[in-house]
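Got a minute to go through a model with me? I'll ask, you answer.

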Amino acid sequence: MAEHMAGIGISIRNLYKIFGSNPDAYIDAVKAGMTKAELNEKHSHVLGLKDINIDMPGGGIQVVMGLSGSGKSTLIRHINRLIDPTAGEVIVGDEDVVKMNEAQLREFRRHKTAMVFQKFALLPHRTVLENTVYGLEIQGLPREEQEKQARRWISRVGLDGFEDNYPNQLSGGMQQRVGLARALTNDAPILLMDEAFSALDPLIRMDMQTVLLDLQKEIRKTVVFITHDLDEALRLGDRIAILRDGEVVQQGTKQEIVLRPADEYISSFVREVNRGRVISVDMVMAPLSGEPKGMPILTGTVLEIAAKKMTDSNVPEAHVTDASGAVLGKLAINEVISAMVTPVDHETAAA
Amino acid sequence: MDWFTEFPAMDTERLTALKKAIDLGFRNFTRAYGDVFETALYPVQWFMFRVEQLLTTSPWPLVILGFAIIAWLASRSWKITAGVVITLLLIGYFDMWEDTMKTVAMTVVATIMAIILGIPIGILMGRSNRIQAMLNPVLDVMQTMPSFVYLIPVVMLLGIGRVPGLIAVMVYAIPPIIRLTNLGIRLVDKDVLEAADAFGSSNWQRLKNVQMPLALPTIMAGVNQTIMMALAMVVVASMIGVQGLGLPVLKAIANQYFTLGVFNGLAIVGIAIIFDRTSQAYGKRLQKHLEVVHG
């Protein structure tokens, strides 16, 4: 469907969530600056999310990263309103999810979103095929059409031949493939993934990330991906938002986050990252003065690859070009290596 | 200090007046509405009569064959099927066939009614904490009230016979299925429910696709308990004219016929085991998908 190709953007505005018996009583105080600790101590309400503002462009992967208790799973549940916000707006396309009534919300969930869960949440009494058709069954499509779509996605996630198995007969990785196939079969423009790969072994997790990235090239859905793992965030995310204690501490592209961590909290994460695989030459190149020297390197190439190319051909300097061959800037090998190894903390980065 | 050594009870006159007033009120109620209840229960009476007639007038080999087929379909086990056939043959050989069939008919009808009424009530309880809080004390009373006490209002309302007996048995046997349906619904994995919501399930789709199937093993345990309670109550209900294995037991108590009591008692044990094993095997088969675990 054409509208899916463009992707539907999601815009979260001034979102607050307070957990407790009477959240509305404290929303104004929180907006006026009451802290999470104060709210908890004096009124025994928990501040789940505080003034969240995130714009997620359509057709890209937005990662929301944070440790446990940061509110990331709460946040993703606001997008399809499995959790109701205390205040704020969740604009999907041009509709505010918060203002929908029950019937509208149901239609929205059926046609606009699909979700993949950390604990898979498959129906244990249904086979792989019966699980995969679930979304379409709820929509009331003819059974034949349901199965046709489902079989296509089962095959795409690599589960051919397992259609008639029960979830209990499958490994964790395979169960999550079912979860992914179930979500994709729904053919919704928005894919919500709540720590979808966190319960899997590292190798299988890598494998699933590859599956997702390969699929995304083709389906171009708006993916919201929740994770506590920075490597996963950097591998998948077109954009990353980092959450801490219910607040967004930084958001931007992965390069912005790695190169310019907003505070000590983020730089402590970022320190362990293999920067050579994240940062691209565009972030390091200097404006070209004079003739381009050395070899051409395509824009978007990561530093690790650029350094390898330059050392292999033994040139100290190179220039960055776009796809048409136009020169964008120059690149020196010492700059490349320096950007790869220097663990920048947020103070020196700001300087 | 009288009040300290002897409980300051209500004085006898007022107590008698109270009891009389309640009795009178209920009697007036039964006089006014007894007929209405009887008419309303006519379909139940008809159904009960039909089932009993089917079991008592059909040739015994056909009845045994029927039971064997049901046992086989439910359990898929030769052992259980053979056990059913042998038990029924023994009961017949000891000349308790007709009484046993009457008891089986009563148990089956009471269980079916308990299921029809109990499962929806259990579902409502499972969905609402308020309804659960309201019904729990009622169920507690139903389960702890001595079973003989049930018989009094039922007899006052409907007289003696099959239908009042059936009502008494059903009321006695219904709590487990209500409780276990409620429990089953409440134990359904929250993650799976959330997934069902996330895909836009309506309440009915959620109930039909997720809650009921996942609660079914627990509900089956409730059905099993209900059958056992119904069988236990059938003997007591013989006091208000329910025919079947209970009547000879009652006669045996009154006249100290030891062997008669034991034989009929054993026949009840026999059919209890038949029902229990068959329904449990069926419940287990429903959970087959949970057994094959990835190695």
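What follows is a short back-and-forth on this predicted model.

Me: Which strands stand at the edges of the open sheet in chain A?
Reply: The sheet has four strands, in the order E2-E1-E4-E5 of chain A, with antiparallel pairing. An edge strand has a single partner, so one side of it is left without a neighbour in the sheet. That fits strand E2 (46-56) and strand E5 (95-96) of chain A.

Me: And which residue in E4(A) does Tyr16(A) stand opposite?
Reply: Start with strand E1 (residues 10-19) and strand E4 (residues 87-92) of chain A, which pair in the antiparallel sense over five bridges. Opposite Tyr16(A), in E4(A), is Ala87(A).

Me: What angle does the direction of helix H4 of chain A make with that of E2(A)?
Reply: Helix H4 (residues 72-79) of chain A packs on the sheet, where it touches E1, E2 and E4 of chain A. Its direction and that of E2(A) make an angle of about 60 degrees.

Me: Which helix gives the most to the largest nonpolar core?
Reply: That core has 92 residues, and Val64(A), Met193(A), Val224(A) and Leu331(A) touch the most other members. Domain 1 and domain 2 of chain A each put in at least three residues. With six residues, the top contributor is helix H9 (residues 172-185) of chain A.

Me: How many residues does chain B bring to the contact with chain A?
Reply: On the chain A side there are 21 residues, by class ten nonpolar, seven polar and four charged. Helix H5 (102-111) and helix H7 (134-139) of chain A each supply at least two of that side's residues. Chain B's share is 19 residues.

Methods
Residues numbered from 1 in each chain as written. Chains lettered and ligands numbered in written order. Predicted model: local features only at pLDDT ≥ 70, side-chain atom pairs only at ≥ 80, totals over all residues. Contact = placed C-beta atoms within 7 Å. Nonpolar A, V, L, I, M, F, W, Y, C, P; charged D, E, K, R; others polar. Pairing = 2+ DSSP bridges. Axes fitted to C-alpha atoms, helices over the stretch in contact; angles between N-to-C directions. Core = buried A, V, L, I, M, F, W, Y, C linked by C-beta atoms within 7 Å. Buried ≥ 20, exposed ≤ 12 C-beta atoms within 10 Å, placed from the backbone. Domains from an automatic or database assignment.
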